[in-house]
Amino acid sequence: MGISTEHCDKIEIAGLLHDLGKLRIPDKLLEKPAKLDASERLTMNTHAFETYLILRNIHGFDDITRWAAYHHEELDGSGYPFHVVEADIPIEARILRVADIFQAMSQNRPYRKGLDADAVKAFMAQLSQQGRVDKEVAAVVCACHEQAMQVAQALE
Ligand SMILES: [Fe+2]
């Protein structure tokens, strides 16, 4: 997608650290074998801001902090934690968001089994149509969904 090697490296680091804030979420919520209720969801959603609070102290991590902290931001401003809108969400953060969703849907969770490659692709296409992820990034991952699936599952 024309991203420089330096930025690709930073996206990888941001990807590895994006959920660091979950260290501050009780295990009881992280491992709950059912859907979270509204109150539990609010607690869980604090993890992106916690990631921001942790990473922002690291010298030279400005981009990484921002891209990691934005991984639950939505293009229409309805995401969290900062409610930023499309124009303020860098392409690197959009890539991280798509990668995070792709991997999450492909992997097994305590409350559901992972989807197969075609189902993840269909889900991503649906999010793209709804404007919930960057259309261009979603198209790229959908074009190589089998390969993306292998990478996502290798990291499980
Ligand atoms: Fe997250």
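The 4 donor atoms around the iron ion subtend angles of 84 to 170 degrees, so their arrangement counts as irregular, the label for whatever fits no regular class: four donors are tetrahedral if all angles lie between 85 and 135 degrees, while four are square planar and six octahedral if opposite donors are over 155 degrees apart and all others between 65 and 115. The protein donors are Asp19 through OD and His47, His71 and His72 through NE2, lying 2.1 to 2.3 Å from the iron ion; a donor here is an N, O or S atom within 2.8 Å of the metal (3.2 Å for Na, K and Ca), and since water is not among the atoms, sites may look incomplete.

This is a predicted model, in which local features need pLDDT of at least 70 and side-chain atom pairs count only at pLDDT 80 or more, whereas totals for chains, interfaces and linings use all residues. Residues are numbered from 1 along each chain as its sequence is written, and side-chain values use heavy atoms, with hydrogens and water left out.

Along the chain, the donors of the iron ion follow the spacing D-x27-H-x23-H-H. Distant parts of the chain are linked in this way, with His47 in helix α4 and His71, 24 residues further apart in sequence, in the loop between α5 and α6; helices (H or I, at least four residues) and strands (E, at least two) are DSSP runs, numbered from the N terminus. His47 is buried at 2% relative accessibility, and His71 is buried as well, at 1%, where buried means under 20% relative accessible area, exposed over 50% and partly exposed in between, with a 1.4 Å probe and protein chains only.

Helix α5 itself has Ile64, Thr65, Trp67, Ala68 and Ala69 buried, and what covers them includes α1 (5-17), α4 and α6.

The aromatic side chains come next. The whole structure holds 4 aromatic pairs, a pair being two rings of Phe, Tyr or Trp (its six-membered ring) with centres within 6.5 Å, called stacked if the planes are under 30 degrees apart, edge-to-face if over 60 and tilted otherwise. Phe49 and Phe82 form an edge-to-face pair, 5.9 Å centre to centre and with 70 degrees between the planes, which joins helix α4 (residues 47-55) to the loop between α5 (62-69) and α6 (91-106) across 33 residues. Phe49 is partly exposed at 33% and Phe82 likewise at 31%, and these two belong with Tyr52 and Tyr70 to one aromatic cluster.

The loop that holds Phe82 also has backbone features to look at. Most residues other than glycine have a negative phi, and most peptide bonds are trans. The bond from Tyr80 to Pro81, however, is cis, with omega near 10 degrees, and Pro81 lies in the loop between α5 and α6. In that loop is also His83, which has a positive phi of about 55 degrees although it is not a glycine, and which is partly exposed at 48%.

Further along, helix α7 (residues 117-129) packs against helix α9 (residues 145-154) at about 110 degrees with axes 9 Å apart, the axes being lines fitted to C-alpha atoms over the stretch in contact and the angles running from 0 to 180 degrees between N-to-C directions. The two are therefore roughly perpendicular, a term for 65 to 115 degrees, beside roughly parallel under 35, roughly antiparallel over 145 and oblique for the rest. Ala117, Asp118, Val120 and Lys121 in α7 meet His145, Glu146 and Met149 in α9, contact meaning heavy atoms within 4.5 Å.
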